[in-house]
Amino acid sequence: MKIIDSERTAAFKAFVDSHDFFLVAGHKDPDGDCVSSSLAAAAILKALKKECVLLNAGPFKRPEIRQYEKEFTSQVPFMSRQDKKACGLLIVDCSELSRTGDLADELKGFDTFIIDHHKTAGLLDGAQGIIDPSSPAAVCLLAMLYENLIGKPDPQTARIMFLGLSTDTGFFRFLREDSAEVFELAARLVRYGANPNKIYNHITGGKPYSTRKLLGLLLSRTERYCQGKLALTYETMEDTKNYGQEGRDSDALYAALLSVEGVEAAVFLRQETDSSCTGGFRSLDDIDVSAVAAKFGGGGHKNASGMSVQGKIATLIPQVVKEFSKILC
């Protein structure tokens, strides 16, 4: 992770100083990093005496972030042309307006600053920003900006930042030997008031019993491809009907699949509607699943990416396997 230098800090501060009011938006179907990045951005703006509205199209499905849903709205406030010129847009944990879901059309035309860490990210035309794929979470960038501009965060803000860092790193399981700065940031957040034990239990506990039943079904349905290097499973609409959407635990599924000897990548497909699917990709070491996700219009990290596409699981599976065969076989 690169340390945010004075030049990038100054660029962000200049953007904030040039606006009276802000919209802070993250990607639809938010995760811990998206929510914590949004809240960290709001904390910075509040400390700089700026007002903001936190936007997210939802849904807030993950148990660890549900308590923060009340801080967000899915409605962009009405603004006059003059108000819109005075308003800045901060996009966190994504860089494409399309990833904000139903908010996308209403967010066009604002002066924009993007803070993201995804490998496939890029700045929108005319936008400024800080995009650093070496950062394991977008909230790391917000935490450093907070320290540079404000100083020591209060305990509640530190806990929110640690939550986002924990969820996007698999509670530090995904970090490598070049992650000393990340652990140093984590240590500072602990000194500021974050409790790793409580946050770990908050992230991993409280799962509905139905999710354990679904996990067993998904594991039993798993098939291996690419000479055993790829493990793939899927969830049907009938599965969703039977087991619900509350407390899904894809992290436990990926961990189980990637723990199998010889498996280097895991795919989880879900039939969301009759004509659309989502997919999650995870990998070990040097296997770049973001390259596969990009083939289907998705993206993300080198070892953790996703997609949302039109189609059905039965026809999608061979297409996904074909793309993985190019990097695994």
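Guide: Let's start with a word you'll need: two residues touch, or are in contact, when they have heavy atoms within 4.5 Å. The model is a predicted one, so local features need pLDDT of at least 70 and side-chain atom pairs count only at pLDDT 80 or more, while totals for chains, interfaces and linings use all residues. Residues are numbered from 1 along each chain as its sequence is written, and side-chain values use heavy atoms, leaving out hydrogens and water.

Visitor: What makes you say that L90 touches F12?

Guide: They have heavy atoms within 4.5 Å, so they meet the rule for contact. Leaving aside residues up to four places away in sequence, L90 also touches F15, L23, V24, A25, A41, L45 and F113.

Visitor: Why do you speak of a nonpolar core of 51 residues?

Guide: Because a nonpolar core is a set of buried Ala, Val, Leu, Ile, Met, Phe, Trp, Tyr and Cys residues joined through side-chain atoms within 4.5 Å. Buried means under 20% relative accessible area (exposed is over 50%, partly exposed lies in between; 1.4 Å probe, protein chains only). The largest such set has 51 residues, and F12, L90, I115, L165 and L189 touch the most other members. There's also a second, separate core of 22 residues, including C226 and V292.

Visitor: Why is strand β9 called mostly covered?

Guide: Count its residues: 7 of its 8 are buried, so "mostly covered" fits. As for "strand", that's a DSSP run of E, at least two residues long, while a helix is a run of H or I, at least four; both are numbered from the N terminus. β9 spans residues 276–283.

Visitor: How do you know that β8 and β9 pair?

Guide: Pairing takes at least two DSSP bridges, and these strands have 8, so they pair, in the antiparallel sense. One of the bridges puts V267 opposite F281. The two strands form a hairpin with 2 residues between them. β9 also pairs antiparallel with β11 (residues 304–310), over 7 bridges.

Visitor: What makes β2 and β5 edge strands?

Guide: They belong to an open sheet of 5 strands in the order β2-β1-β3-β4-β5, with parallel pairing. β2 and β5 each pair on one side only.

Visitor: What makes the angle between helix α1 and β4 about 145°?

Guide: Axes are lines fitted to C-alpha atoms (for helices over the stretch in contact), and angles run from 0 to 180 degrees between N-to-C directions. Helix α1 (residues 6–17) packs on the sheet, touching β1, β3, β4 and β5, and its direction makes about 145° with that of β4.
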